[in-house]
Amino acid sequence: MTNILQDMAYALRRLAKAPGFSALIVVTLGLGIGVNAAVFTVVNSLLIRPLPYADPDHLVVLWETQKDKPQIPVSVPNFKDWQEQATSLSRVAFYGPEMYTFRSPAGSEKVAGEWASGSYFPTLGVGAAVGRVFTDEEVGRGAPVAVLGHALWQRRFGADRAAVGKTIELNKVPLTIVGVMPRGFRGFSGDAEVFVPVTQFEKLLPFLAQYHILEDRNTHWGSAVARLKPGVSIDKARADLQTIAARLASAYPQFNKGQGIE
């Protein structure tokens, strides 16, 4: 211990004689430590810490491809065909990020959210902490419902369980709260605070209604996540999806010719 203290005292004296060089050393060490900490944070969140979903090893992300574009967003009609035709996937879900103007009796604010198919929450294997998530049937008939993220529920409703059943406004459209997600769940996009059926798209964004985005195969704007069936490999699922892509290219050549699925 005496030798260590003597070495430290000597080092401090040498550093004091060259303050500029000492500052450079401190800054260099600080930057190095900061960069390493940032890299570890990213690696930990993406590679080490398990995803907050049921059986995350069975989850896959799907996207469309074109001859000159290896990765493009997904169109809703194509997603529906994948959902109906895929034999290697137990569930397929569609989602897309959006910014909404959220209004409740407490006031208005901009919040990040997601459009979602009825299969979204079951595909991720996550249920509501309070109330319930919306269903395929509700999404199919365009029910005006929404699910809140935990933080938004706490911030705007004081974590009151009676918030379920109340009405909020998103982009001036009234929606009924049917549930609240667990703490920490912020959707597959990572920052969502409210979840809305994708079939509410044209009601909440009426200026886009003329483009019939939900029915247009040529409009690629969302994302897809799916769950592999037990025992199905990535390669087997890829072959299944390539078969579907070829089938859709034959059925809808004006939209799907030259398109694939990965």
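These legends go with several close-up views of a predicted model.

**View 1. Here is the whole protein chain, with 9 helices and 12 strands.** Let's begin with the overall picture. The protein chain has 262 residues, and 40% of them count as buried. How much surface is accessible? It comes to about 14300 Å², and 60% of that belongs to carbon and sulfur atoms. Contacts also link distant parts of the sequence: among those between residues at least 6 apart, 68% join residues at least 24 apart.

**View 2. Leu 89 sits in the largest nonpolar core.** This core has 67 residues, and Leu 89 and Leu 148 are the ones with the most contacts inside it. Which strand gives the most to this core? Strand β4, residues 89-104, does so with 7 residues. Look around Leu 89 and, leaving aside neighbours within four places in sequence, you can find its contacts with Val 60, Leu 62, Ala 226, Arg 227, Leu 228, Lys 229, Ala 237 and Leu 241.

**View 3. Strand β9 pairs with β6, with β7 and with β8.** Strand β9 covers residues 173-180, and 6 of these 8 residues are buried, so the strand is largely enclosed by the rest of the structure. Take its partners one at a time. β6 and β9 are antiparallel and joined by 2 bridges; here Val 130 has Val 180 as its bridge partner. Strand β7, residues 145-148, pairs with β9 in the parallel sense over 4 bridges, and you can spot Ala 146 opposite Ile 177. Strand β8, residues 167-170, also has 4 bridges to β9, but in the antiparallel sense. There, Glu 169 is matched with Pro 174.

**View 4. A hairpin links β8 and β9.** How many residues lie between the two strands? There are 2, and Asn 171 in the turn has a positive phi of about 55°.

**View 5. Val 133 lies in a loop between β6 and α5.** The loop runs from β6 (130-131) to α5 (136-140). Is Val 133 buried or exposed? Its relative accessible area is 17%, and buried means under 20%, so Val 133 counts as buried. Which residues does Val 133 touch? Not counting residues up to four places away in sequence, they are Phe 121, Gly 127, Ala 128, Glu 138, Val 147, Val 178 and Met 181. For a sense of distance, the C-alpha atoms of Val 133 and Val 145 are 9.4 Å apart, with the two residues 12 places apart along the chain.

**View 6. Helix α6 has its buried residues on the same side.** In this helix, residues 150-157, the buried ones are His 150, Leu 152, Trp 153, Arg 156 and Phe 157. Why are they described as being on the same side? They cover an arc of only 165° around the axis, which puts them on the same side of α6. Just after the helix comes Gly 158, with a positive phi of about 60°.

**View 7. Three strands form an open sheet in the order β3-β2-β12.** The pairing in this sheet is antiparallel. Which strands are at the edges? They are β3 (69-72) and β12 (260-261), each pairing on one side only. Strand β2, residues 64-66, is joined to β3 by 2 bridges, and Glu 64 stands opposite Ile 72 in β3.

Terms used. Residues are numbered from 1 along each chain as its sequence is written. This is a predicted model: local features need pLDDT of at least 70, side-chain atom pairs count only at pLDDT 80 or more; totals for chains, interfaces and linings use all residues. Side-chain values use heavy atoms; hydrogens and water are left out. A nonpolar core is a set of buried Ala, Val, Leu, Ile, Met, Phe, Trp, Tyr and Cys residues joined through side-chain atoms within 4.5 Å. Buried means under 20% relative accessible area, exposed over 50%, partly exposed in between (1.4 Å probe, protein chains only). Contact means heavy atoms within 4.5 Å. Two strands pair if DSSP finds at least two bridges between them. The arc is that of the directions from the helix axis to the C-beta atoms. Accessible areas come from the Shrake-Rupley method with a 1.4 Å probe; for residues, only the protein chains shown count as cover.
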